[in-house]
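Q: Please zoom in on one spot in this model and work outward from there. I'm new to it, and plain words would help a lot.

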Amino acid sequence: MPVVIALLVIIIVVLVTCIKVVPQANAFVIERLGAYQQTWSVGLHIKMPIFDRVAKRVTLKEQVVDFAPQPVITKDNVTMRIDTVVFYQITDPKLFTYGVENPIMAIENLTATTLRNIIGEMELDQTLTSREVINTKMRASLDEATDPWGIKVNRVELKNIIPPAEIQNAMEKQMKAERERREAVTRAEGEKKAAILEAEGMKESAILKAEAEKQATVLHAEAQKEKKIREAEGEAQAILSIQQAKADGIRVLREAGADEAVLKLKSLEAFEKVADGQATTILMPADLQGIASVGTVLAEGMKSVK
């Protein structure tokens, strides 16, 4: 009885060990009697006891490996050190298990040789400014080479490019000189712009001043013109008023029937105005006596009216 119980326990343990669960993003490579049998994907699986075994557990996630700096020589014989980062993913667990003995070491050596080949065709300056080109070429070359191993290279990045110390010193001096040159150019451009702005300001100020003086001159001329027009209009109005008054006086005298007398009287008034002037020579009219007699008659007539 104890033997039977022991056998049952052993059978249960063996059955339990034959039950396998493959987690997400993993795959199991199964061998039967040392030969490849199948690849288990995610889920519950049962293997045959004693005959089947899990040869390799493979993760299907994207993985990252950082390789140490590798010495490379450029086309112009400059030795530098470059370290790379490779992003890869296992796409075929069977090929990954049986394709190469040590896949990571194989990828590292393949990366180093590929990098040397690519950098050997470039000069130093081109190497320092062509990271994207180098990354693309390396990814294409590594992806093609690792395809028989069930590995897909998704991306390759140059982490650091370390040139020799003397090259670094020369580059630092060059960068310093370039920064000083840019600073000088920027300062000169600033001074040039400031001078241009100042000149433009002076030009605009002179233009505004000239326009203001011109406007003032125009306004002054218009004011003088307006003044003269008003004075002329005033003089014309005064002359019209005087002439109107004279015309009214003559009209009144004519209505009184003294036309000839009015003419004589006006002649005397004109003579009086001439006499009051500063002239040294006075022309007397030939009929001065007749005019005087008319004036006497008018004076007597005025007295009789009173």
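A: Let's start with R181 and E178, which form a salt bridge with their closest N and O atoms 2.6 Å apart. This is a predicted model, and the atoms in it are what we're looking at here. Both residues sit in helix α6, which covers residues 165-255. They're three residues apart, which is about one turn of the helix. R181 is partly exposed, at 45% relative accessible area. E178 is partly exposed too, at 28%.

E178 has another salt-bridge partner: R182, where the closest N and O atoms are 3.2 Å apart. The cut-off for a salt bridge is 4 Å, so the 3.2 Å between R182 and E178 counts. Where are R182 and E178 relative to each other in helix α6? They're four residues apart, so about one helical turn separates them. R182 comes out as exposed because its relative accessible area is 52% and the exposed class begins over 50%. Elsewhere, R139, D143 and K152 are joined into one network by salt bridges that share partners.

Stepping back, the structure holds ten salt bridges. One of them joins D66 and K159, with the closest N and O atoms 2.9 Å apart. This one links distant parts of the chain: D66 is in strand β6 (residues 62-66), K159 is in strand β9 (residues 151-162), and they're 93 residues apart. Are these two buried, partly exposed or exposed? D66 has a relative accessible area of 42%, which makes it partly exposed. K159, at 44%, is also partly exposed.

Now for a sheet. Three strands line up in the order β3-β2-β5 to make an open sheet with antiparallel pairing. At the edges are β3 (35-40) and β5 (52-59), each pairing on one side only. On average, neighbouring strands in this sheet are turned by 25 degrees against each other, if you ignore direction. To see one of the pairings up close, take β2 (residues 26-32), which runs antiparallel to β3 and pairs with it over five bridges. Within that pairing, I30 has Q38 of β3 as its bridge partner.

Between β2 and β3 there's a loop, and L33 is in it. What is the phi angle of L33? It's positive, about 55 degrees, although L33 is not a glycine. L33 counts as exposed because its relative accessibility is 67%, and exposed means over 50%.

Strand β3 also brings us to an aromatic contact. A pair of aromatic rings is described by the distance of the centres and the angle of the planes. The count for this structure is one aromatic pair. Y36 and Y98 form it, with 6.0 Å from centre to centre and 80 degrees between the planes. Planes over 60 degrees apart count as edge-to-face, so that's the label for Y36 and Y98. Why does this pair tie together separate parts of the sequence? Y36 is in strand β3 and Y98 is in helix α2 (residues 93-98), so the pair connects parts that are 62 residues apart in sequence. Y36 is partly exposed, at 30% relative accessibility. Y98 is partly exposed as well, with a value of 40%.

L33 has some company in its backbone angle: N77 is a residue other than glycine with a positive phi, near 60 degrees. N77 is found in the loop between β7 (70-73) and β8 (79-90). With a relative accessibility of 65%, N77 counts as exposed. How far apart are the C-alpha atoms of N77 and G120? The separation is 8.6 Å, for two residues that are 43 apart along the chain.

Last stop: a patch on the surface. V3, L7, I10 and V14 make a nonpolar surface patch of about 360 Å². V3 belongs to helix α1, which spans residues 2-18. A residue can join a patch with over 30% relative accessible area, and V3, at 58%, is exposed.

Note on methods:
Residues numbered from 1 in each chain as written. Predicted model: local features only at pLDDT ≥ 70, side-chain atom pairs only at ≥ 80, totals over all residues. Heavy atoms only, no water. Patch = residues over 30% accessible without salt bridge, like charges linked within 9 Å, V, L, I, M, F, W, Y side chains within 5 Å. Areas by Shrake-Rupley, 256 points an atom, 1.4 Å probe, with all protein chains shown as cover. Salt bridge = Lys/Arg side-chain N within 4 Å of Asp/Glu carboxyl O. Helix = DSSP H or I, 4+ residues; strand = E, 2+ residues; numbered from the N terminus. Buried < 20%, exposed > 50% of the residue type's maximum accessible area, 1.4 Å probe, protein only. Pairing = 2+ DSSP bridges. Axes fitted to C-alpha atoms, helices over the stretch in contact; angles between N-to-C directions. Phe/Tyr/Trp six-rings, centres within 6.5 Å; stacked < 30°, edge-to-face > 60°.
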